[in-house]
Amino acid sequence: MNAYLRQVYAVVRKDLLQELRTRQRVATMGAFAVLVAVLFNYAVDPTIVRIQNIAAGLLWMTLIFAGIMGVGRTFALEAEDGAFQGVLLAPIPRDAIYLGKVISNTVLVTVVVALTVGVFGLFFQLQYGTHPVALALTLFLGVVGFVALATLFGAVTAGTTLGEALLPVLLFPLLVPLVVYGVGATGRLLQNRPLAEVEGNIRILGAFAVACIAIGAVLFRHVVED
Amino acid sequence: MTATAPGPRLEAEGLARAFGAHRAVDHVSFTLEPGEVVALLGPNGAGKTTLLRLLSGALRPSEGVVKLDGRALDTRGPEWQSRVGVLSHQGFLYGHLSARENLRFYADLYALDHARERVERGLESVQLTPRADDTVRTYSRGMRQRLALARTLLHDPDVVLLDEPYTGLDAHAAAVLRGVLEALRDGARTVLLVTHNLTEGLALSDRIAIQVRGRWVHEAPARDFDPTTIHERYRQTVEGAGGGAP
(Lines give C-alpha, C1' and ligand atoms only; values in the text may rest on other atoms or scores of the structure.)
Protein backbone atom coordinates (compact mmCIF):
# COMPACT_ATOMS: atom_id res chain seq x y z
CA MET A 1 0.00 0.00 0.00
CA ASN A 2 1.50 3.38 -0.87
CA ALA A 3 2.05 5.95 1.87
CA TYR A 4 -0.92 8.13 0.94
CA LEU A 5 -3.44 5.28 0.92
CA ARG A 6 -1.96 3.96 4.14
CA GLN A 7 -2.51 7.35 5.79
CA VAL A 8 -6.10 7.57 4.51
CA TYR A 9 -6.75 4.03 5.72
CA ALA A 10 -5.24 4.86 9.13
CA VAL A 11 -7.73 7.72 9.61
CA VAL A 12 -10.68 5.57 8.47
CA ARG A 13 -9.67 2.66 10.69
CA LYS A 14 -9.11 4.89 13.72
CA ASP A 15 -12.48 6.66 13.29
CA LEU A 16 -14.41 3.42 12.86
CA LEU A 17 -12.62 1.76 15.79
CA GLN A 18 -13.50 4.73 17.99
CA GLU A 19 -17.13 4.52 16.90
CA LEU A 20 -17.20 0.78 17.45
CA ARG A 21 -16.00 1.34 21.02
CA THR A 22 -18.21 4.33 21.88
CA ARG A 23 -21.19 3.90 19.52
CA GLN A 24 -21.84 7.55 20.26
CA ARG A 25 -22.58 8.82 16.79
CA VAL A 26 -24.41 5.89 15.20
CA ALA A 27 -26.55 5.49 18.33
CA THR A 28 -27.44 9.20 18.36
CA MET A 29 -28.21 9.33 14.64
CA GLY A 30 -30.08 6.02 14.69
CA ALA A 31 -32.19 6.98 17.71
CA PHE A 32 -33.05 10.30 16.09
CA ALA A 33 -34.08 8.63 12.82
CA VAL A 34 -36.30 6.11 14.60
CA LEU A 35 -37.93 8.81 16.76
CA VAL A 36 -38.64 10.95 13.71
CA ALA A 37 -40.26 7.97 11.98
CA VAL A 38 -42.40 7.34 15.06
CA LEU A 39 -43.49 11.00 15.18
CA PHE A 40 -44.27 11.09 11.47
CA ASN A 41 -46.30 7.93 11.96
CA TYR A 42 -48.63 9.92 14.21
CA ALA A 43 -48.32 13.24 12.38
CA VAL A 44 -49.27 11.98 8.91
CA ASP A 45 -52.79 10.73 8.29
CA PRO A 46 -52.58 8.06 5.55
CA THR A 47 -56.28 8.45 4.80
CA ILE A 48 -55.59 12.03 3.67
CA VAL A 49 -52.00 11.91 2.43
CA ARG A 50 -50.62 9.13 0.24
CA ILE A 51 -47.33 8.19 1.91
CA GLN A 52 -45.56 7.38 -1.40
CA ASN A 53 -45.97 11.05 -2.32
CA ILE A 54 -44.24 12.48 0.72
CA ALA A 55 -41.91 9.66 1.74
CA ALA A 56 -38.95 10.99 -0.29
CA GLY A 57 -39.02 14.37 1.43
CA LEU A 58 -39.45 12.86 4.89
CA LEU A 59 -36.62 10.41 4.24
CA TRP A 60 -34.17 13.07 3.06
CA MET A 61 -34.97 15.49 5.86
CA THR A 62 -34.47 12.73 8.40
CA LEU A 63 -31.23 11.76 6.71
CA ILE A 64 -29.87 15.30 6.77
CA PHE A 65 -30.85 16.13 10.35
CA ALA A 66 -29.59 12.79 11.66
CA GLY A 67 -26.43 13.13 9.60
CA ILE A 68 -25.66 16.56 11.01
CA MET A 69 -25.88 15.19 14.52
CA GLY A 70 -23.28 12.55 13.73
CA VAL A 71 -20.91 14.26 11.31
CA GLY A 72 -20.92 17.44 13.39
CA ARG A 73 -19.35 15.46 16.24
CA THR A 74 -16.41 14.29 14.11
CA PHE A 75 -13.99 16.96 15.24
CA ALA A 76 -15.35 17.25 18.76
CA LEU A 77 -14.15 13.67 19.32
CA GLU A 78 -10.72 14.68 18.03
CA ALA A 79 -10.37 17.40 20.66
CA GLU A 80 -9.84 14.90 23.49
CA ASP A 81 -6.22 15.08 24.73
CA GLY A 82 -5.37 17.32 21.77
CA ALA A 83 -5.31 14.26 19.51
CA PHE A 84 -6.05 16.18 16.33
CA GLN A 85 -3.05 18.43 17.00
CA GLY A 86 -0.95 15.27 17.03
CA VAL A 87 -2.37 14.31 13.64
CA LEU A 88 -1.58 17.77 12.26
CA LEU A 89 2.02 17.53 13.50
CA ALA A 90 2.50 14.33 11.50
CA PRO A 91 3.71 14.47 7.89
CA ILE A 92 0.32 13.56 6.47
CA PRO A 93 -1.22 15.52 3.59
CA ARG A 94 -4.26 17.36 4.86
CA ASP A 95 -6.39 16.02 2.02
CA ALA A 96 -5.57 12.49 3.22
CA ILE A 97 -7.06 13.37 6.62
CA TYR A 98 -10.11 14.83 4.89
CA LEU A 99 -10.63 11.82 2.63
CA GLY A 100 -10.23 9.47 5.56
CA LYS A 101 -12.86 11.38 7.51
CA VAL A 102 -15.24 11.50 4.52
CA ILE A 103 -14.95 7.74 4.07
CA SER A 104 -15.51 6.93 7.74
CA ASN A 105 -18.41 9.38 8.01
CA THR A 106 -19.93 7.94 4.83
CA VAL A 107 -19.83 4.46 6.34
CA LEU A 108 -21.54 5.67 9.53
CA VAL A 109 -24.22 7.74 7.79
CA THR A 110 -24.88 4.94 5.29
CA VAL A 111 -25.58 2.58 8.19
CA VAL A 112 -28.04 5.10 9.60
CA VAL A 113 -29.70 5.64 6.20
CA ALA A 114 -30.16 1.89 5.80
CA LEU A 115 -31.76 1.82 9.25
CA THR A 116 -33.95 4.82 8.41
CA VAL A 117 -35.17 3.28 5.15
CA GLY A 118 -35.97 0.08 7.01
CA VAL A 119 -37.85 1.89 9.77
CA PHE A 120 -39.83 3.98 7.26
CA GLY A 121 -40.75 0.75 5.45
CA LEU A 122 -41.93 -0.74 8.71
CA PHE A 123 -43.98 2.22 9.93
CA PHE A 124 -45.45 3.42 6.64
CA GLN A 125 -45.58 0.13 4.71
CA LEU A 126 -43.39 1.95 2.21
CA GLN A 127 -42.79 0.10 -1.06
CA TYR A 128 -39.26 0.59 -2.41
CA GLY A 129 -40.31 0.56 -6.06
CA THR A 130 -39.08 -1.56 -8.94
CA HIS A 131 -35.56 -0.10 -9.04
CA PRO A 132 -34.06 -0.74 -5.61
CA VAL A 133 -30.48 -0.49 -6.92
CA ALA A 134 -31.14 2.94 -8.40
CA LEU A 135 -32.81 3.97 -5.13
CA ALA A 136 -29.81 2.76 -3.15
CA LEU A 137 -27.44 4.56 -5.52
CA THR A 138 -29.44 7.79 -5.22
CA LEU A 139 -29.34 7.70 -1.44
CA PHE A 140 -25.66 6.71 -1.38
CA LEU A 141 -24.62 9.58 -3.68
CA GLY A 142 -26.70 11.90 -1.51
CA VAL A 143 -24.88 10.63 1.59
CA VAL A 144 -21.46 11.15 -0.04
CA GLY A 145 -22.29 14.72 -1.13
CA PHE A 146 -23.74 15.54 2.27
CA VAL A 147 -20.83 14.03 4.18
CA ALA A 148 -18.25 15.77 1.96
CA LEU A 149 -19.74 19.17 2.81
CA ALA A 150 -20.61 18.40 6.43
CA THR A 151 -17.07 17.14 7.17
CA LEU A 152 -15.52 20.31 5.77
CA PHE A 153 -17.90 22.61 7.62
CA GLY A 154 -17.64 20.46 10.74
CA ALA A 155 -13.94 21.33 10.75
CA VAL A 156 -14.80 25.03 10.26
CA THR A 157 -17.25 25.15 13.15
CA ALA A 158 -15.23 22.92 15.51
CA GLY A 159 -12.96 25.80 16.41
CA THR A 160 -15.75 28.32 17.00
CA THR A 161 -17.60 29.17 20.18
CA LEU A 162 -20.97 28.39 18.58
CA GLY A 163 -19.59 25.04 17.39
CA GLU A 164 -22.22 22.53 16.35
CA ALA A 165 -25.04 25.10 16.48
CA LEU A 166 -23.38 26.98 13.64
CA LEU A 167 -22.99 23.94 11.41
CA PRO A 168 -26.59 23.74 10.09
CA VAL A 169 -26.65 27.49 9.44
CA LEU A 170 -23.59 27.24 7.20
CA LEU A 171 -24.43 23.89 5.68
CA PHE A 172 -28.12 23.98 4.81
CA PRO A 173 -27.95 26.59 2.01
CA LEU A 174 -25.30 24.52 0.27
CA LEU A 175 -27.41 21.37 0.51
CA VAL A 176 -30.24 22.81 -1.60
CA PRO A 177 -29.08 21.19 -4.89
CA LEU A 178 -28.62 17.88 -3.10
CA VAL A 179 -32.12 18.00 -1.65
CA VAL A 180 -33.76 19.12 -4.90
CA TYR A 181 -32.23 16.39 -7.07
CA GLY A 182 -32.14 13.75 -4.34
CA VAL A 183 -35.78 14.14 -3.33
CA GLY A 184 -36.77 14.35 -6.99
CA ALA A 185 -35.06 11.08 -7.89
CA THR A 186 -36.14 9.27 -4.72
CA GLY A 187 -39.76 10.35 -5.13
CA ARG A 188 -39.95 9.13 -8.71
CA LEU A 189 -38.28 5.82 -7.83
CA LEU A 190 -40.71 5.24 -4.97
CA GLN A 191 -43.58 5.90 -7.40
CA ASN A 192 -42.22 3.32 -9.87
CA ARG A 193 -41.54 5.87 -12.58
CA PRO A 194 -39.25 4.78 -15.46
CA LEU A 195 -35.52 4.79 -14.75
CA ALA A 196 -34.95 7.21 -17.63
CA GLU A 197 -36.74 9.90 -15.59
CA VAL A 198 -34.18 9.79 -12.77
CA GLU A 199 -30.94 9.17 -14.67
CA GLY A 200 -30.25 12.88 -15.01
CA ASN A 201 -30.82 13.47 -11.30
CA ILE A 202 -28.51 10.61 -10.36
CA ARG A 203 -25.77 11.99 -12.62
CA ILE A 204 -26.13 15.42 -11.02
CA LEU A 205 -25.96 13.87 -7.54
CA GLY A 206 -22.78 12.04 -8.58
CA ALA A 207 -21.23 15.20 -10.01
CA PHE A 208 -22.23 17.13 -6.87
CA ALA A 209 -20.57 14.52 -4.65
CA VAL A 210 -17.36 14.52 -6.71
CA ALA A 211 -17.24 18.33 -6.79
CA CYS A 212 -17.81 18.57 -3.02
CA ILE A 213 -15.04 16.07 -2.30
CA ALA A 214 -12.63 17.89 -4.63
CA ILE A 215 -13.40 21.30 -3.13
CA GLY A 216 -13.28 19.90 0.41
CA ALA A 217 -9.90 18.26 -0.21
CA VAL A 218 -8.45 21.56 -1.42
CA LEU A 219 -9.98 23.75 1.32
CA PHE A 220 -9.49 21.42 4.28
CA ARG A 221 -5.83 22.37 4.72
CA HIS A 222 -6.74 26.04 5.11
CA VAL A 223 -9.54 25.23 7.50
CA VAL A 224 -7.47 23.15 9.91
CA GLU A 225 -4.20 25.07 9.73
CA ASP A 226 -5.11 28.75 9.60
CA MET B 1 17.41 9.37 12.33
CA THR B 2 19.30 10.95 9.46
CA ALA B 3 23.09 11.19 9.25
CA THR B 4 24.57 14.02 11.29
CA ALA B 5 25.52 17.01 9.13
CA PRO B 6 28.33 19.36 10.22
CA GLY B 7 27.13 22.46 12.07
CA PRO B 8 24.13 23.02 14.32
CA ARG B 9 21.22 20.64 14.11
CA LEU B 10 18.56 23.21 15.00
CA GLU B 11 18.82 26.99 14.68
CA ALA B 12 16.35 29.72 15.49
CA GLU B 13 16.96 33.22 14.19
CA GLY B 14 14.93 36.11 15.57
CA LEU B 15 11.97 33.89 16.35
CA ALA B 16 9.01 35.90 17.58
CA ARG B 17 5.34 35.36 18.25
CA ALA B 18 2.88 37.94 19.49
CA PHE B 19 -0.69 37.48 20.70
CA GLY B 20 -2.17 40.93 20.26
CA ALA B 21 0.12 43.33 22.08
CA HIS B 22 1.70 40.58 24.16
CA ARG B 23 5.00 39.19 22.84
CA ALA B 24 5.08 35.59 24.06
CA VAL B 25 8.35 34.90 22.23
CA ASP B 26 10.47 37.95 21.61
CA HIS B 27 13.12 37.53 18.92
CA VAL B 28 14.79 34.44 20.31
CA SER B 29 17.92 33.16 18.57
CA PHE B 30 19.83 30.02 19.49
CA THR B 31 21.54 26.96 18.10
CA LEU B 32 21.31 23.37 19.28
CA GLU B 33 24.10 21.01 18.29
CA PRO B 34 23.60 17.40 17.21
CA GLY B 35 23.46 15.22 20.28
CA GLU B 36 23.00 18.16 22.63
CA VAL B 37 20.39 18.19 25.39
CA VAL B 38 19.33 21.67 26.44
CA ALA B 39 17.05 22.34 29.41
CA LEU B 40 14.94 25.46 29.01
CA LEU B 41 13.89 26.96 32.34
CA GLY B 42 11.75 29.95 33.10
CA PRO B 43 8.84 31.20 35.21
CA ASN B 44 5.21 30.69 34.25
CA GLY B 45 4.23 32.89 31.33
CA ALA B 46 7.80 33.18 30.04
CA GLY B 47 6.74 31.84 26.64
CA LYS B 48 8.53 28.47 26.84
CA THR B 49 5.54 26.46 25.64
CA THR B 50 4.89 28.97 22.87
CA LEU B 51 8.49 28.59 21.76
CA LEU B 52 8.06 24.82 21.61
CA ARG B 53 4.82 25.23 19.67
CA LEU B 54 6.64 27.41 17.16
CA LEU B 55 9.41 24.85 16.80
CA SER B 56 6.95 21.98 16.43
CA GLY B 57 4.90 23.71 13.75
CA ALA B 58 1.77 23.93 15.89
CA LEU B 59 2.04 27.73 15.66
CA ARG B 60 3.36 29.98 12.93
CA PRO B 61 5.95 32.55 14.02
CA SER B 62 5.17 36.24 13.57
CA GLU B 63 8.82 36.73 12.64
CA GLY B 64 11.98 34.71 12.34
CA VAL B 65 13.36 31.58 10.75
CA VAL B 66 14.09 28.08 11.98
CA LYS B 67 16.66 25.84 10.34
CA LEU B 68 17.36 22.16 10.45
CA ASP B 69 20.93 21.21 9.54
CA GLY B 70 21.46 24.70 8.13
CA ARG B 71 18.39 24.73 5.89
CA ALA B 72 15.42 26.96 6.54
CA LEU B 73 12.40 24.68 6.44
CA ASP B 74 8.65 25.09 6.74
CA THR B 75 7.77 23.76 10.19
CA ARG B 76 4.55 22.42 8.70
CA GLY B 77 6.32 20.66 5.85
CA PRO B 78 6.81 16.89 5.70
CA GLU B 79 10.60 16.97 6.19
CA TRP B 80 10.38 19.01 9.37
CA GLN B 81 7.51 16.93 10.72
CA SER B 82 9.34 13.67 9.95
CA ARG B 83 12.45 14.78 11.83
CA VAL B 84 10.94 16.47 14.88
CA GLY B 85 9.12 14.75 17.74
CA VAL B 86 6.96 16.64 20.24
CA LEU B 87 5.81 15.76 23.74
CA SER B 88 3.35 18.45 24.75
CA HIS B 89 1.14 19.04 27.78
CA GLN B 90 -1.42 17.00 25.90
CA GLY B 91 -0.55 13.45 24.91
CA PHE B 92 -2.22 13.51 21.47
CA LEU B 93 -3.72 10.14 22.32
CA TYR B 94 -7.13 8.65 21.58
CA GLY B 95 -8.71 7.47 24.83
CA HIS B 96 -10.96 4.86 23.23
CA LEU B 97 -8.08 3.17 21.42
CA SER B 98 -5.56 0.90 23.09
CA ALA B 99 -1.91 1.90 23.49
CA ARG B 100 -0.98 -0.47 20.67
CA GLU B 101 -3.71 0.94 18.40
CA ASN B 102 -2.63 4.52 19.16
CA LEU B 103 0.98 3.81 18.26
CA ARG B 104 -0.04 1.83 15.18
CA PHE B 105 -2.17 4.78 14.07
CA TYR B 106 0.75 7.19 14.38
CA ALA B 107 3.11 4.70 12.69
CA ASP B 108 0.75 4.69 9.72
CA LEU B 109 0.42 8.50 9.71
CA TYR B 110 4.23 8.73 9.54
CA ALA B 111 4.21 5.91 6.95
CA LEU B 112 6.93 4.13 8.93
CA ASP B 113 8.61 0.94 7.75
CA HIS B 114 8.49 -2.05 10.09
CA ALA B 115 5.59 -0.42 11.92
CA ARG B 116 4.72 -3.47 13.99
CA GLU B 117 8.27 -3.86 15.30
CA ARG B 118 8.55 -0.14 16.06
CA VAL B 119 5.29 -0.17 17.95
CA GLU B 120 6.32 -3.16 20.06
CA ARG B 121 9.74 -1.62 20.73
CA GLY B 122 8.10 1.65 21.73
CA LEU B 123 5.72 -0.07 24.14
CA GLU B 124 8.58 -2.03 25.66
CA SER B 125 10.75 1.06 26.09
CA VAL B 126 8.13 2.68 28.32
CA GLN B 127 7.18 -0.58 30.06
CA LEU B 128 3.62 -0.65 28.77
CA THR B 129 3.64 -3.99 26.94
CA PRO B 130 1.54 -5.76 29.61
CA ARG B 131 -1.23 -3.13 29.28
CA ALA B 132 -0.81 -2.53 25.53
CA ASP B 133 -4.30 -3.74 24.61
CA ASP B 134 -6.12 -1.75 27.28
CA THR B 135 -7.84 1.42 26.16
CA VAL B 136 -5.88 4.54 27.03
CA ARG B 137 -8.78 6.05 28.98
CA THR B 138 -8.17 3.41 31.65
CA TYR B 139 -4.56 4.56 32.08
CA SER B 140 -3.18 6.64 34.92
CA ARG B 141 -1.61 10.03 34.22
CA GLY B 142 1.87 8.47 34.41
CA MET B 143 1.02 5.68 31.96
CA ARG B 144 -0.45 8.17 29.52
CA GLN B 145 2.67 10.27 29.74
CA ARG B 146 4.89 7.26 29.08
CA LEU B 147 2.75 6.29 26.10
CA ALA B 148 2.90 9.87 24.83
CA LEU B 149 6.69 9.68 25.04
CA ALA B 150 6.66 6.43 23.05
CA ARG B 151 4.51 8.20 20.46
CA THR B 152 6.94 11.12 20.37
CA LEU B 153 9.89 8.81 19.67
CA LEU B 154 8.10 6.34 17.40
CA HIS B 155 9.46 7.86 14.18
CA ASP B 156 12.99 8.15 15.61
CA PRO B 157 13.17 11.95 15.32
CA ASP B 158 16.46 13.87 15.12
CA VAL B 159 15.06 16.65 17.29
CA VAL B 160 12.92 15.98 20.36
CA LEU B 161 10.92 18.76 21.99
CA LEU B 162 9.69 17.96 25.49
CA ASP B 163 7.33 20.23 27.39
CA GLU B 164 7.23 19.54 31.14
CA PRO B 165 7.44 15.77 30.80
CA TYR B 166 7.48 15.21 34.58
CA THR B 167 4.27 17.08 35.36
CA GLY B 168 1.89 15.02 37.49
CA LEU B 169 4.00 11.86 37.54
CA ASP B 170 4.46 9.60 40.53
CA ALA B 171 7.92 8.35 41.53
CA HIS B 172 7.75 5.17 39.45
CA ALA B 173 6.51 6.91 36.33
CA ALA B 174 9.15 9.61 36.77
CA ALA B 175 11.86 6.97 37.08
CA VAL B 176 10.71 5.21 33.87
CA LEU B 177 10.57 8.54 32.09
CA ARG B 178 14.03 9.48 33.35
CA GLY B 179 15.40 6.20 31.98
CA VAL B 180 13.91 6.87 28.54
CA LEU B 181 15.17 10.47 28.54
CA GLU B 182 18.64 9.34 29.54
CA ALA B 183 18.58 6.87 26.65
CA LEU B 184 17.94 9.85 24.36
CA ARG B 185 21.43 11.10 25.18
CA ASP B 186 22.88 8.92 22.46
CA GLY B 187 25.14 11.59 21.03
CA ALA B 188 23.08 12.02 17.87
CA ARG B 189 19.68 13.23 19.00
CA THR B 190 19.07 16.85 19.89
CA VAL B 191 16.71 17.48 22.78
CA LEU B 192 15.09 20.68 24.00
CA LEU B 193 13.55 20.03 27.40
CA VAL B 194 11.23 22.62 28.92
CA THR B 195 10.93 22.08 32.64
CA HIS B 196 10.21 23.72 35.97
CA ASN B 197 12.14 20.97 37.70
CA LEU B 198 15.60 22.54 37.98
CA THR B 199 17.24 19.44 39.44
CA GLU B 200 15.91 17.13 36.72
CA GLY B 201 16.79 19.68 34.07
CA LEU B 202 20.33 19.95 35.34
CA ALA B 203 20.80 16.18 35.62
CA LEU B 204 19.60 15.50 32.08
CA SER B 205 21.09 18.37 30.11
CA ASP B 206 24.35 19.56 28.61
CA ARG B 207 23.30 23.18 28.64
CA ILE B 208 20.84 25.30 30.59
CA ALA B 209 18.93 28.21 29.09
CA ILE B 210 16.62 30.53 31.00
CA GLN B 211 13.74 32.30 29.26
CA VAL B 212 12.04 35.31 30.82
CA ARG B 213 9.36 37.44 29.16
CA GLY B 214 9.86 35.73 25.82
CA ARG B 215 13.64 36.19 25.71
CA TRP B 216 16.57 33.90 26.42
CA VAL B 217 18.29 35.86 29.17
CA HIS B 218 20.89 33.34 30.25
CA GLU B 219 22.69 30.35 28.73
CA ALA B 220 25.48 28.28 30.25
CA PRO B 221 26.83 24.74 30.15
CA ALA B 222 25.16 22.54 32.75
CA ARG B 223 28.55 21.83 34.33
CA ASP B 224 28.77 25.51 35.32
CA PHE B 225 25.77 25.09 37.59
CA ASP B 226 26.18 23.75 41.10
CA PRO B 227 23.18 21.54 42.01
CA THR B 228 23.17 23.01 45.54
CA THR B 229 22.93 26.61 44.37
CA ILE B 230 21.00 26.30 41.10
CA HIS B 231 17.71 27.39 42.67
CA GLU B 232 19.23 30.58 44.05
CA ARG B 233 21.07 31.30 40.82
CA TYR B 234 17.92 30.72 38.83
CA ARG B 235 15.91 33.03 41.10
CA GLN B 236 18.48 35.81 40.80
CA THR B 237 18.58 35.44 37.00
CA VAL B 238 14.80 35.56 36.67
CA GLU B 239 14.44 38.53 39.00
CA GLY B 240 17.34 40.33 37.32
CA ALA B 241 15.55 39.96 33.99
CA GLY B 242 12.34 41.39 35.41
CA GLY B 243 10.50 38.07 35.64
CA GLY B 244 8.03 37.03 38.33
CA ALA B 245 8.38 34.33 40.92
CA PRO B 246 9.44 30.97 39.46
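Start by selecting chain A and colouring by secondary structure: you should find 10 helices and zero strands, where helices are DSSP runs of H or I with at least four residues and strands are E runs of at least two, numbered from the N terminus. This is a predicted model, in which local features need pLDDT of at least 70 and side-chain atom pairs count only at pLDDT 80 or more, while totals for chains, interfaces and linings use all residues. Residues are numbered from 1 along each chain as its sequence is written, with chains lettered from A and ligands numbered from 1 in the order in which they are written.

**Stop 1: chain A as a whole**

Keep chain A on screen. Its C-alpha trace spans about 60 × 35 × 30 Å along the principal axes. The radius of gyration is 18 Å, which agrees with the value near 17 Å for a compact globule of 226 residues; it is taken over C-alpha atoms, and the globule rule is 2.2 Å times the number of residues to the power 0.38. Of the 226 residues, 45% count as buried, meaning that 20 or more other C-beta atoms, placed from the backbone, lie within 10 Å of a residue's own.

Next, draw the contacts (C-beta atoms, placed from the backbone, within 7 Å). Among those in chain A between residues at least 6 apart in sequence, 84% join residues at least 24 apart.

**Stop 2: where chain A meets chain B**

Now show both chains. The contact takes 21 residues from chain A and 25 residues from chain B. On the chain A side, α1 (3–22) and α5 (83–88) each supply at least two residues, and α1(A) gives the most, with nine.

**Stop 3: the largest nonpolar core**

Select the buried Ala, Val, Leu, Ile, Met, Phe, Trp, Tyr and Cys residues joined through C-beta atoms within 7 Å, which is how a nonpolar core is defined. The largest one has 139 residues, and those with the most contacts inside it include A:Ala148 and B:Leu147. Helix α7 (residues 132–158) of chain A brings the largest share, 14 residues. Centre on A:Ala148: leaving out residues up to four places away in sequence, it touches A:Val102, A:Ala209, A:Cys212, A:Ile213 and A:Gly216.

**Stop 4: a helix in chain B**

Finally, select residues 141–153 of chain B, helix α5, which reaches 19 Å from its first C-alpha to its last. Of its 13 residues, 11 are buried, so α5(B) is largely enclosed by the rest of the structure. Among the buried ones are B:Met143, B:Leu147 and B:Leu153. To see what covers them, add elements of chain B including β6 (84–87), α3 (99–109) and β7 (159–163).

Note on methods. A residue is buried if 20 or more other C-beta atoms lie within 10 Å of its own, exposed if 12 or fewer, and partly exposed in between; C-beta atoms are placed from the backbone. Two residues are in contact if their C-beta atoms, placed from the backbone, lie within 7 Å. The expected span of a helix is 1.5 Å times one less than its number of residues.
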